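Visitor: I am new to this structure and should be grateful for a close look at a single part of it. Please describe that part and then place it within the whole.

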Amino acid sequence: MNTIKKYELNLRVSAVICLHERYVLLRLTQDEPLPSMFPGQFVEVRVDGGQHTFLRRPISINFVDRDRNELWLLVATVGEGTRWMATLQTGDTLNIIGPLGNGFMTPAGQGEILLVGGGVGVAPLLYQGAWLREHGLQPVFLLGARTAKDLLLLDEFRKYGEVLLTTEDGSAGERGFVTQHSVLQQRQFLLIQSCGPTPMMKAVARYAYQVDTECEVSLENMMACGLGACLCCVEKTVEGNLCVCKEGPVFNIKRLLWQL
């Protein structure tokens, strides 16, 4: 469990990059060094100016660039709050609370770690891949999307490890879902870590059980407070009902009551 201090920060937007009609990458900075943050953690973003956006929005930490003192947030514009984030301009200020939650583990031993992501769920895997590489481990990214145009930040992922792709229409990589990629029959992994749609993560978990490999998933339950107070993100586990925002969002699959 990562027990590090939480901060309220007013960060300056250093870049706004449109990756796709539905995705924008925000790069945020401040004059002081950013606080410590772990892969798999998230921040709660204050949305200003909307009539229906009084709650903060939870956004995964996509990357922390220590050389540029930047925090990256990959934002899917699916609602009023995230659409507002996409309208930010360089020089604007964004208020966040973070880092929040508990992130991915860093395994002991040698071997390849498979990082499986789909959709905006690829976001925390970039920082995790960089973290693993920095700690002498070998990340392998397995990323899935509907079509080639929906695959995000591939050049960034390739800086830290091998990148394998699936698309539902076959326009990039292998045709099908991530759990149908041929690599799963060809190689054994030290650990699997995953983030994305719940059906995808459950399929990854089934595979991990079949091959007797440790597996962590980053849950995307609806969160409001980010502190475990509002109870809207509760997940049933072997330990009882737990708040994903406080006890997660990353869980070993052995802690979950998924019907696999």
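Guide: In this predicted model, the buried residues of helix 2 pack against strand 4 (57-65), strand 5 (70-76), strand 7, strand 8 (138-145), helix 3 (154-157) and strand 11. Helix 2 itself covers residues 123-134, and because ten of its twelve residues are buried, it is largely enclosed by the rest of the structure. The buried set begins with A123, P124, L125, L126 and Y127, and it continues with Q128, G129, A130, W131 and L132. Just after helix 2, G136 adopts a positive phi of about 80°.

Two of the strands named above lead to another helix. The buried residues of helix 5 pack against strand 7 (112-118) and strand 11 (191-195), and also against helix 4 (183-186) and strand 12 (215-218). Strand 7 and strand 11 are thus packing partners of helix 2 and of helix 5. Helix 5 spans residues 198-210; at 1.5 Å a residue its 13 residues should extend over 18 Å, and its end C-alpha atoms are indeed 18 Å apart, so expectation and model agree. Within helix 5, the residues M200, M201, A203, V204, A205, Y207 and A208 are buried. Just after this helix, D212 has a positive phi of about 60°.

Strand 12, a partner of helix 5, also borders a loop that holds a buried residue. M223 lies in the loop between strand 12 and strand 13 (234-237). Its relative accessibility is 9%, which is why M223 counts as buried, the cut-off being under 20%. Leaving aside residues up to four places away in sequence, M223 touches F42, E44, P58, C232, C233, V244, C245 and P249. The C-alpha atoms of M223 and L55 are separated by 9.6 Å, although the two residues are 168 residues apart along the chain.

These parts belong to a protein with six helices and 15 strands. Of its 260 residues, 54% are buried. Among contacts between residues at least 6 apart in sequence, 62% join residues at least 24 apart. For 260 residues, a compact globule would have a radius of gyration near 18 Å, and the protein has 18 Å, which agrees. Along the principal axes, the C-alpha atoms fill a box of roughly 50 × 40 × 35 Å. The accessible surface comes to about 12,000 Å², with 49% of it belonging to carbon and sulfur atoms. As for charge, there are 24 positive and 27 negative side chains, and the centres of the two sets lie 3 Å apart.

Notes:
Residues numbered from 1 in each chain as written. Predicted model: local features only at pLDDT ≥ 70, side-chain atom pairs only at ≥ 80, totals over all residues. Heavy atoms only, no water. Helix = DSSP H or I, 4+ residues; strand = E, 2+ residues; numbered from the N terminus. Rg over C-alpha atoms; globule rule 2.2 N^0.38 Å. Buried < 20%, exposed > 50% of the residue type's maximum accessible area, 1.4 Å probe, protein only. Contact = heavy atoms within 4.5 Å. Areas by Shrake-Rupley, 256 points an atom, 1.4 Å probe, with all protein chains shown as cover. Lys, Arg positive; Asp, Glu negative; His and termini not counted. Charge placed at Lys NZ, Arg CZ, Asp CG, Glu CD. Expected span 1.5 Å × (residues − 1).
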